[in-house]
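Thanks, everyone, for making the time this morning. I would like to take you through one structure, with the ligand as our focus.

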Amino acid sequence: MTDVSVLVVGAGFWAREMHLPALAQLPGVRIAGVVATSEASAAAAAGPYGATAWTDLDRALEATGADVVDVVAPPDVHRPAVEAAARHGRHAICIKPLARSLDEADAMLAAVRAAGTRLFYAENVPFIPALHEARRVVDAGQIGDVFRVKACEGIGEPHSSWFFDPGRSGGGAIIDMAVHSIAFCAYFAGAPVTSVYADADTYVWRGRTDAEDTAVLTLRFANGVLGQCEDSWSLTGAMDSRFEIFGTGGRVLIDNLHRQPLQVAGAGGWSYPLPLPGLVADGHLAMLGHFVDCLRTGAPSRSEGTTGRDMLAVVDAAVRSVASGRRENVHSTVPQGGRP
Ligand SMILES: NC(=O)c1ccc[n+]([C@@H]2O[C@H](COP(=O)([O-])OP(=O)(O)OC[C@H]3O[C@@H](n4cnc5c(N)ncnc54)[C@H](O)[C@@H]3O)[C@@H](O)[C@H]2O)c1
């Protein structure tokens, strides 16, 4: 029995590789339609799921009657898509980063508040199964008191031109990649980030973008925990997804790419000849299943729209710190880093 129907906005890399196949695996969930800028790409993404293809979100919302809109398009589309969903009285899931700026995020939160609908923030990192196991280890006291957390998220090259245009993406590696690292650090520090020192520059993609392709952040949490984030688009030919938790009695290291026993980086890019599904190992299936459960039960989510706003507040402080050369305070209106 179908009880939740989803309209997916975006038919690119992430919608096709992760969200559409994950949604299709969730019992009781129907993919009602796919919206993209071209009819052909919407149809190619929608076809395998028996969904309809659209280029106009308002018309798709009227025609499909979907319960929730899953926004998996570039950041400049996030605010208008979430506002359209709210206007039609529909819930929304919004992929990271929530928006290009805190002002946009606040407008999105205001729109769903006024409509009485819900907004979920689709950041997969806190849903990674290996991190849940790490959390169990930490909560069992096996590494003592956590005092430092660290994450490295890197790729060699963004795959679409909009990433290089800060007008569309909202910035560079900080807003695109460090959002994942900040989410990890907040998940294990268990307190709000109060200040950030960040340094960043453009090393590999100078000439193609003014945005930073490499960033190093240090975070201070309200409980004294220290966080480090190393995030880039400059890891030529490679990828990184590592997380560490340091305690007074031990340390946990998660190399999330090691879930793939065989990784080959060569002229054809990355390949995993013995693939394990990323939508499971990277937490996307668990995350989308959690959002659907929240819609069914009305339960609070581990990742509300306000969580995405919190992450952006840290990004905002990091960007200000790069410009000022000083440590900058985080302007957050809601408590972040709370343990779900
Ligand atoms: N780990 C992650 O969570 C993760 C990984 C990759 C990308 N992302 C995010 O997913 C989002 C999309 O990235 P991508 O890699 O799929 O990009 P992409 O360039 O591969 O695809 C973008 C898609 O959005 C569609 N689109 C653009 N403008 C639109 C509009 N106005 N209305 C409807 N559709 C529109 C395009 O037609 C295209 O299908 C970004 O916010 C990105 O940051 C998240």
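I will begin with the annotated regions and then turn to the ligand and its surroundings.

Please keep in mind throughout that this is a predicted model. The unreviewed UniProt entry annotates residues 5-121 as "Gfo/Idh/MocA-like oxidoreductase N-terminal", and over that stretch the chain is 48% helix and 23% strand, with its end C-alpha atoms 18 Å apart. The same kind of record, again unreviewed, gives residues 133-252 as "GFO/IDH/MocA-like oxidoreductase", and there the chain is 23% helix and 38% strand, the end C-alpha atoms being 10 Å apart.

Now to the ligand, and to why we find it between two domains. Domain 1, residues 4-117, and domain 2, residues 125-329, both contribute residues to the shell around the ligand, so the ligand lies between them. That shell holds 24 residues, the closest being Phe13, Thr37, His159, Ser160 and Trp162. By class, 14 of the shell residues are nonpolar, eight are polar and two are charged.

As for the helices, α1 (13-25), α4 (75-87) and α8 (173-189) each provide at least two shell residues, and α4, with three, makes the largest contribution.

Turning to polar contacts, a polar backbone atom of Trp14 is 2.9 Å from an oxygen atom of the ligand, while a polar side-chain atom of His78 is 3.3 Å from a ligand oxygen. For Lys96, an N or O atom of the side chain is 3.1 Å from an oxygen atom of the ligand. The ligand taken alone exposes 850 Å², of which the protein buries 84%.

Note on methods:
Residues are numbered from 1 along each chain as its sequence is written. This is a predicted model: local features need pLDDT of at least 70, side-chain atom pairs count only at pLDDT 80 or more; totals for chains, interfaces and linings use all residues. Side-chain values use heavy atoms; hydrogens and water are left out. UniProt positions are given in the numbering used here, feature names are shortened, and annotations may be inferred rather than shown by experiment. Helices (H or I, at least four residues) and strands (E, at least two) are DSSP runs, numbered from the N terminus. A residue is near a molecule or strand if one of its heavy atoms lies within 4 Å of it. A polar contact is a pair of N or O atoms within 3.5 Å; within protein, one must be able to donate a hydrogen and the other to accept it, and residues adjacent in sequence count only if both atoms are side-chain atoms. Accessible areas come from the Shrake-Rupley method with a 1.4 Å probe; for residues, only the protein chains shown count as cover. Ala, Val, Leu, Ile, Met, Phe, Trp, Tyr, Cys and Pro count as nonpolar, Asp, Glu, Lys and Arg as charged, and the others, Gly among them, as polar. Domain bounds come from an automatic or database domain assignment.
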